[in-house]
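Colleague: Could you take a close look at the ligand site in this model? Please cover the backbone and the inner spaces as well.

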Amino acid sequence: MAKQSPSCFPSSDVVFLDRGNGTSVLVHLHGATILSWKCHGQEVLFLSEKAVFDNKKAIRGGIPVVFPNFGPWDLGPQHGFARTKRWKLEVPPRKDSSGNVVAEFILEDNEATRAVWDFRFRLVYTVQVMDKTLTLNVTVNNVDSKDFDFTCLLHTYFRIPDISKTAVIGLQNTKYVDKVKDGEKATETREEIRIDENYDRVYMDTPSEIVVGKVADGSHSIIMQTFDFPDTVVWNPWADKAKGMSDFGDDEYINMVCVEAGCVTNRVQLNAGQKFECSQKLTFVPATQ
Ligand code: TA6
């Protein structure tokens, strides 16, 4: 069983947002990576059994935060440094009047980040756990005297019973870049995307609501709503690439799909002193009986 409970980690490394009734979120301060979202006892996120928690490597699974660059980067590691830096808990978990639990995490520039990307920034990441909804808000503050640009994304790994019975719904007629076919551009023709091989697609200018799951055998699904995340990445490594990933089990591709809300096609231009906000809202829809 993957490590998705607080007791698996040093208490100094994780923050537990417990709404009660089997609904909770576990955040690792390494990358402010959400490791678990349990909704009325059902784990919604995939975390690899072979994920590494050395506070160095990006955690394989959950919801890594990608900033200031999605994909290969001339200045540093792929997907930028946000997912491999230690974030600070700025506002500890607290319950609001509706019983929802909110916490806030921040990442600010330091000598190490400026050595790679010479800009002053402050990322504010708000996590809100409601009855059947998880809302994630990312605010990028340019606190420098210079303008900068970036791409960012929430690299969400959804746990699914079986990839062969899973669909991603809502991307019909959107254009995408197919990274498996050397960046070939195409248009999605299907209402229900069924994944049966290595998928690595950047869908552009996507609808603000997508459904993940909707499996044939009536398991749960997730409604993914996005705000100012114009792109959606769909990724499954499939068998061959899975074998090549040391922190991912050979057969784990069967139980996961990444559907990732991002600003990745066009770089976000942020002038000195400005801020940019983007968010995603994940709603759990229980299996139909
Ligand atoms: O989001 C899809 C992707 O860009 C794939 O190309 C694959 O590289 C995946 O991210 C995982 O990247 P990582 O650096 O975490 O191994």
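Modeller: Start with the loop between β13 (175-178) and β14 (184-187), where D182 lies. This is a predicted model. D182 is not a glycine, yet its phi is positive, at about 55°. Most residues other than glycine have a negative phi, and most peptide bonds are trans. The second part of that rule leads to another loop. F67 and P68 are joined by a cis peptide bond, with omega at about 0°. P68 belongs to the loop between β5 and β6 (88-95).

Now the ligand. Which space does the ligand take? The largest pocket. That pocket has a volume of about 510 Å³. Its lining comprises 24 residues, and those closest to the centre are R60, Q78, H79, H155 and W235. By class, the pocket lining splits into eleven nonpolar, five polar and eight charged residues.

Which residues surround the ligand itself? They are R60, F70, Q78, H79, R83, H155, K179, D200, V233, W235 and E260. This shell holds five charged residues, along with three polar and three nonpolar ones. The five residues closest to the pocket centre, R60, Q78, H79, H155 and W235, also appear in the shell.

Three side chains deserve a look for their polar atoms. D200 has a side-chain N or O atom 2.5 Å from an oxygen of the ligand. For R60, the distance from a side-chain N or O atom to a ligand oxygen is 2.9 Å. Q78 likewise places a side-chain N or O atom 2.9 Å from an oxygen of the ligand. As for cover, the ligand alone would expose 390 Å², and the protein buries 82% of that.

Next, the enclosed spaces. Rolling a probe the size of a water molecule over the atoms shows where empty space is left. How many cavities of 30 Å³ or more turn up in the whole structure? Two.

The largest cavity holds about 50 Å³ of space. Eleven residues line it, and R159, I160, V212, G213 and H220 are the closest to its centre. Three strands, β11 (157-159), β17 (209-213) and β18 (221-227), each contribute at least two residues to that lining. The lining of this largest cavity is mixed: six nonpolar residues, four polar and one charged.

The second largest cavity has a volume of about 40 Å³. Lining this cavity are V65, V66, F67, V138, V140, C152, L153, L154 and F229. Two or more of these residues come from each of β5 (65-66), β9 (133-142) and β10 (148-154). Which strand gives the largest share? β10, with three residues. By class, the lining of the second largest cavity has nine nonpolar residues, with no polar and no charged ones.

Here the backbone and the spaces meet. F67 is part of the lining of the second largest cavity. F67 is also joined to P68 by the cis bond.

Put the three spaces side by side. The ligand's pocket has eight charged residues in its lining. The largest cavity has one charged residue in its lining. The second largest cavity has none. For your own inspection, begin at R60, Q78 and D200, with their ligand distances of 2.9 Å, 2.9 Å and 2.5 Å. Then turn to the F67 to P68 bond, and last to D182 with its positive phi.

Methods
Residues are numbered from 1 along each chain as its sequence is written. This is a predicted model: local features need pLDDT of at least 70, side-chain atom pairs count only at pLDDT 80 or more; totals for chains, interfaces and linings use all residues. Side-chain values use heavy atoms; hydrogens and water are left out. On a 1 Å grid over the protein atoms alone, a cavity is a set of points where a 1.4 Å probe fits but cannot get out, and a pocket is an open set with protein on both sides within 12 Å along at least five of seven lines; lining residues have an atom within 4 Å of a point. Grid points are joined across faces, edges and corners, and a volume is the space filled by probe spheres set on the points. Helices (H or I, at least four residues) and strands (E, at least two) are DSSP runs, numbered from the N terminus. Ala, Val, Leu, Ile, Met, Phe, Trp, Tyr, Cys and Pro count as nonpolar, Asp, Glu, Lys and Arg as charged, and the others, Gly among them, as polar. A residue is near a molecule or strand if one of its heavy atoms lies within 4 Å of it. A polar contact is a pair of N or O atoms within 3.5 Å; within protein, one must be able to donate a hydrogen and the other to accept it, and residues adjacent in sequence count only if both atoms are side-chain atoms. Accessible areas come from the Shrake-Rupley method with a 1.4 Å probe; for residues, only the protein chains shown count as cover. A molecule sits in a cavity or pocket if more than half of its atoms lie within 2 Å of its grid points.
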